[in-house]
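Work through the exercises below with the sequence and the model open. Each task is followed by a solution in steps.

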Amino acid sequence: MPAARAVRSPVRDAPAAGTERVDVSFLTPVALLFGLLAAVPLAVFVGRRRRADRIRGALALAGSSGGSWLALAISLAAVPLLVGVAAAQPVITSARTVPQRSDAEVFVVVDTSRSMLASSGTGEPTRFERAQEDVVVLQDQLRDIPLGLASFTDRVLPHLFPTVDQRVFQETTREALGIERPPPSTSFGTNVTSLDALGAVPMLAFFAPTAKKRALVVFTDGESQPVSTLATDFAGEPRIDVTFVRAGDASERIWESGVAEAGYTPDPAAGEILAAAATAVEGRIVEEGDVAGAAVAVRSALGEGPTTPRRIEGNRQALMPYVALLAVLPLGFVLYRRNL
């Protein structure tokens, strides 16, 4: 098997973000029928207006101004119409259409064992926090390729199956991932990571059957039990290209209580163990911070392929409160005219 190799590559421009469209829709459009009740006050108003005109004619009085009655009629009709529109719950929605590779998928797996809490000092970003940010940057570099997200200690837990929805991916990365999620099944020490657990990715249904080109990017500090079964697990087809992003160095400690945690020291064999894992899966090792190198390696492994347009829902702005508030204006005018 070829030896594991370190990669550092220049930044490559990501594909265009796609086109955006803004629409207005109703969540409960049947409520618009409430607006038909506008005919009731209008009918009452017209009937009373005709009755008043007959009385004025009989008493030989001058007719009232048509403009003032018209404003009142419009206000009477506007109240139920606006209430009906508000009840229909209008919303402004934005959506983007982005290109999506239909033949390729990538899974990003983040080491969430306790050793990932290590940092260079109190208040400094931990290995885990740095990995989170690098994962977000990687997704931006590969935004036309569906990316899934998982975490692992001595077993792998999928959090998000491959998608090109950047917002969902970023929120999952920042909100769902956490140290010891999943908790190790054996103990709660700092060196319970098992890189052999990654064998679940090719063995289970992590990738869609249509994804003939597959890649795995693993963010880890390499502090793991020795590997033994990875070569066998990753020997099947379709082949999964693997990139390890190594976080941390031997100077980092865990500082949760403000002082270095006595029970943890970096594993001096981490580099060798990670190199052995990369060799077993015929993969590569990229140093922490070289997200561009990881992205270039993944694109090189996946090559070119067909894309299909994918509609991504964006933000949603509810208009119901504003429409309901607007109904107060014609209602206030009607009450003002009545009292006047």
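**Exercise 1. Arg239 and Asp241**

Task: Decide what kind of contact joins the side chains of Arg239 and Asp241, and state for Asp241 whether it is buried or exposed.

Solution.
- Step 1. The model is a predicted one, and the N to O separation between the side chains of Arg239 and Asp241 is 3.7 Å.
- Step 2. A salt bridge requires a side-chain nitrogen of Lys or Arg within 4 Å of a carboxyl oxygen of Asp or Glu, so the contact qualifies. Arg239 and Asp241 therefore meet in a salt bridge.
- Step 3. Asp241 has a relative accessible area of 5% and is buried.
- Step 4. Arg239, at 35% relative accessibility, counts as partly exposed.

**Exercise 2. The peptide bond before Pro238**

Task: Determine whether the peptide bond from Glu237 to Pro238 is cis or trans, and locate Pro238 in the chain.

Solution.
- Step 1. Omega for the bond from Glu237 to Pro238 is near -5 degrees, and the bond is cis.
- Step 2. Most peptide bonds are trans.
- Step 3. Pro238 sits in the loop that runs between helix H6 (230–233) and strand S10 (240–246).

**Exercise 3. Other salt bridges**

Task: Find how many salt bridges the whole structure holds, then examine the pairs Asp103 with Arg101 and Arg174 with Glu133.

Solution.
- Step 1. Searching the whole structure gives 14 salt bridges.
- Step 2. One of the pairs is Asp103 with Arg101, where the closest N and O atoms are 2.7 Å apart. Asp103 and Arg101 are both buried.
- Step 3. The side chains of Arg174 and Glu133 also form a salt bridge, at 3.3 Å from N to O.
- Step 4. Arg174 belongs to helix H4 (residues 166–175) and Glu133 to helix H3 (residues 127–141), so this salt bridge ties together parts that are 41 residues apart in sequence.
- Step 5. Arg174 has a relative accessible area of 40% and is partly exposed. Glu133 is partly exposed too, at 40% relative accessibility.
- Step 6. A network of salt bridges links Arg127, Arg130, Asp221, Glu223, Glu252 and Glu288.

**Exercise 4. Aromatic pairs around Phe107**

Task: Count the aromatic pairs, and describe how Phe107 is placed against Phe206 and against Phe207.

Solution.
- Step 1. Ring centres must lie within 6.5 Å for a pair; the count comes to 3 aromatic pairs.
- Step 2. Phe107 and Phe206 are 5.2 Å apart from centre to centre, with 70 degrees between the planes. Planes over 60 degrees apart count as edge-to-face, so this pair is edge-to-face.
- Step 3. Phe107 lies in strand S4 (residues 104–111), whereas Phe206 lies in the loop between helix H5 (200–203) and strand S8 (213–220); the pair links distant parts of the chain, 99 residues apart.
- Step 4. Phe107 and Phe207 also pair edge-to-face, at 5.7 Å between centres and 85 degrees between planes. Here Phe107 in S4 meets Phe207 in the loop between H5 and S8, 100 residues apart.
- Step 5. Phe107 and Phe206 are both buried, and Phe207 is buried as well.
- Step 6. Ring pairs join Phe107, Phe161, Phe206 and Phe207 into a cluster.

**Exercise 5. Positive phi**

Task: Say what sign phi has at Gln89 and at Glu282, and where each residue lies.

Solution.
- Step 1. Most residues other than glycine have a negative phi.
- Step 2. Gln89 is not a glycine, yet its phi is positive, about 55 degrees. Gln89 is found in the loop between helix H2 (66–87) and strand S3 (90–101). Its relative accessible area is 29%, which makes Gln89 partly exposed.
- Step 3. Glu282 also has a positive phi, near 55 degrees. Glu282 falls in the loop between helix H7 (270–280) and strand S11 (284–287), and at 33% relative accessibility Glu282 counts as partly exposed.

**Exercise 6. The largest pocket**

Task: Describe the space in the largest pocket and identify which element gives the largest share of its lining.

Solution.
- Step 1. The largest pocket holds about 360 Å³ of space.
- Step 2. Its lining includes Pro41, Phe45, Trp69, Leu72 and Arg337.
- Step 3. Helix H1 (39–58), H2 and helix H10 (328–339) each give two or more residues to this lining. H1 supplies the largest share, 6 residues.
- Step 4. By residue class, the lining has 8 nonpolar, no polar and 4 charged residues.

Definitions and conventions:
Residues numbered from 1 in each chain as written. Predicted model: local features only at pLDDT ≥ 70, side-chain atom pairs only at ≥ 80, totals over all residues. Heavy atoms only, no water. Phe/Tyr/Trp six-rings, centres within 6.5 Å; stacked < 30°, edge-to-face > 60°. Helix = DSSP H or I, 4+ residues; strand = E, 2+ residues; numbered from the N terminus. Buried < 20%, exposed > 50% of the residue type's maximum accessible area, 1.4 Å probe, protein only. 1 Å grid on protein atoms, 1.4 Å probe; cavity = no way out; pocket = protein on both sides within 12 Å on 5 of 7 lines; lining within 4 Å. Points joined across faces, edges and corners; volume = space filled by probe spheres on them. Nonpolar A, V, L, I, M, F, W, Y, C, P; charged D, E, K, R; others polar.
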